[in-house]
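Student: Could you walk me through this one? I'd like to start with how the chains meet and then look at a helix.
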Amino acid sequence: MNAWVAVLAAGIGSYLFRFGMVAVIDRRTLPAWFERVSAYIMPAAFAGLAAAALHEAVGRRVTTSVPVLLAAVATAGVATRRPAHLAVAVGMSTLWASRLVLHLV
Amino acid sequence: MTTIRHPGRPAPRPEASADRRRDVAEGVRAMAPWLIGVMPFGMVVGMTASASRVPTAVGLATGATIYSGSAQLTAIELLGGGASVVVVVASVLVINARLVLFGSSIAPHWKGAGPGFKAAAAYLLVDPSYAVGMRRYAEDRRGAHAYYIAAGLTLWVAWHAAMIAGAAVGAGVPEWISLQHAVPLFLLAEVVGAARARPAAVAALVGAAATVFGGGLPLHSGLLVGIVLGVSAAVLVERRTP
């Protein structure tokens with residue numbers, strides 16, 4: 001029962017977050033500086049999310065950290081020239097291949 | 001979606017519905033690459049929900065209510081660990097606080113749209129739909145609403161399908177596949193592809209570093225700190241570059 005309450009309350013709060021500024025901005029104009037600043041929200045947020053998840057995955061052991069780091073480097077390298085989904089495919093393949101190699105050594 | 005005809009307004013052009021269909025198809029297609037990263041993550045959320053001590057239905061319901069992978073995982077793990085309602089709700093809201101920023105940056109494009117559109121558009125707002133939508137609004141505003149809703153619905157349906165599949169498969173997915181790494185790698189690729197200009201690259205680097213170093217902050221607030229510091233650093237760099 002408590003779990004349902006938590007999930008519902010968290011959902012209502014999340015919706016208010018999503019909708020809140022939409023309702024506010026409908027009535028007034030945002031200052032010009034905010035529009036400029038908002039261009040940087042996406043890179044900062046996505047990089048933060050990715051870094052936190054990868055940092056957690058790296059851990060302390062060589063066998064777990066090296067494949068994840070190699071996968072990140074491969075993904076970033078491919079992403080400079082190719083679309084993101086190709087970069088992920090290369091990154092995940094790198095992850096599996098390097099794990100296999102480390103496992104065999 | 002039906003078109004309501006208002007008296008005094010010109011009748012829609014005959015090619016309008018063809019345009020609409022094209023916008024919808026383009027929106028669905030724009031979301032497709034994201035699904036490669038997002039669906040494995042959805043499966044992980046479903047697998048976590050089925051393994052958790054809370055009922056699987058509660059875990060899966062986080063999809064329709066919280067609708068944000070990292071916040072859903074946190075909620076399921078905290079609930080499974082017996083955390084109190086207040087801690088669960090606070091943690092979810094801190095992780096989802098970035099949605100306020102996403103909302104405020106996409107909302108100017110929704111000005112003047114109908115209340116139904118805004119209510120639905122806000123509900124579908126999350127990292128991938130924000131990225132896909134913002135790109136289209138910046139390119140061509142005509143038909144962008146239909147494009148955004150189509151992209152957002154595609155994501156919502158795929159996300160739920162992936163969660164349900166994950167819950168059904170349970171622990172059947174071998175661990176070496178590491179589905180959970182697909183999303184961070186996809187976000188990394190998106191950032192590398194999008195942050196070409198110097199201030200944006202600085203926003204990404206500072207945001208990443210600050211989030212990692214803020215990992216120990218209470219209630220998972222590291223990400224929020226990372227976003228604020230990243231954006232601030234980018235603005236400083238932008239001022240210095242002529």
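Tutor: Contact here means heavy atoms within 4.5 Å. Please keep in mind that this is a predicted model.

Student: OK, how many residues does each chain put into the contact?
Tutor: Chain B supplies 78 residues to the contact, and chain A supplies 60 residues.

Student: And how much area do they bury between them?
Tutor: About 5,800 Å² is buried between chain B and chain A, with 79% of it on carbon and sulfur atoms. On the chain B side, the residues losing the most area to chain A are Lys111(B), His181(B) and Leu185(B), which together make up 10% of what that side buries.

Student: What kinds of residues make up the side of chain B that touches chain A?
Tutor: That side divides into 54 nonpolar, 16 polar and eight charged residues.

Student: How many salt bridges cross that interface?
Tutor: The rule finds zero salt bridges between chain B and chain A, although it does find eight residue pairs in polar contact across the interface, both residues being at pLDDT 80 or more.

Student: Switching topic: how many salt bridges are there over all chains?
Tutor: Searching the whole structure gives seven. In chain B, the side chains of Asp19(B) and Arg22(B) form a salt bridge, at 3.9 Å from N to O.

Student: How far apart are Asp19(B) and Arg22(B) along helix H1?
Tutor: They are three residues apart in helix H1 of chain B, so about one helical turn separates them.

Student: Where is the kink in H1(B) centred?
Tutor: The kink, of about 50°, is centred on Trp34(B).

Methods: Residues numbered from 1 in each chain as written. Chains lettered and ligands numbered in written order. Predicted model: local features only at pLDDT ≥ 70, side-chain atom pairs only at ≥ 80, totals over all residues. Heavy atoms only, no water. Buried area = accessible area lost by both parts, 1.4 Å probe. Salt bridge = Lys/Arg side-chain N within 4 Å of Asp/Glu carboxyl O. Polar contact = N/O pair within 3.5 Å; in protein donor to acceptor, adjacent residues only side chain to side chain. Nonpolar A, V, L, I, M, F, W, Y, C, P; charged D, E, K, R; others polar. Bend = angle between axes of the 7 residues up to and from the residue. Helix = DSSP H or I, 4+ residues; strand = E, 2+ residues; numbered from the N terminus.
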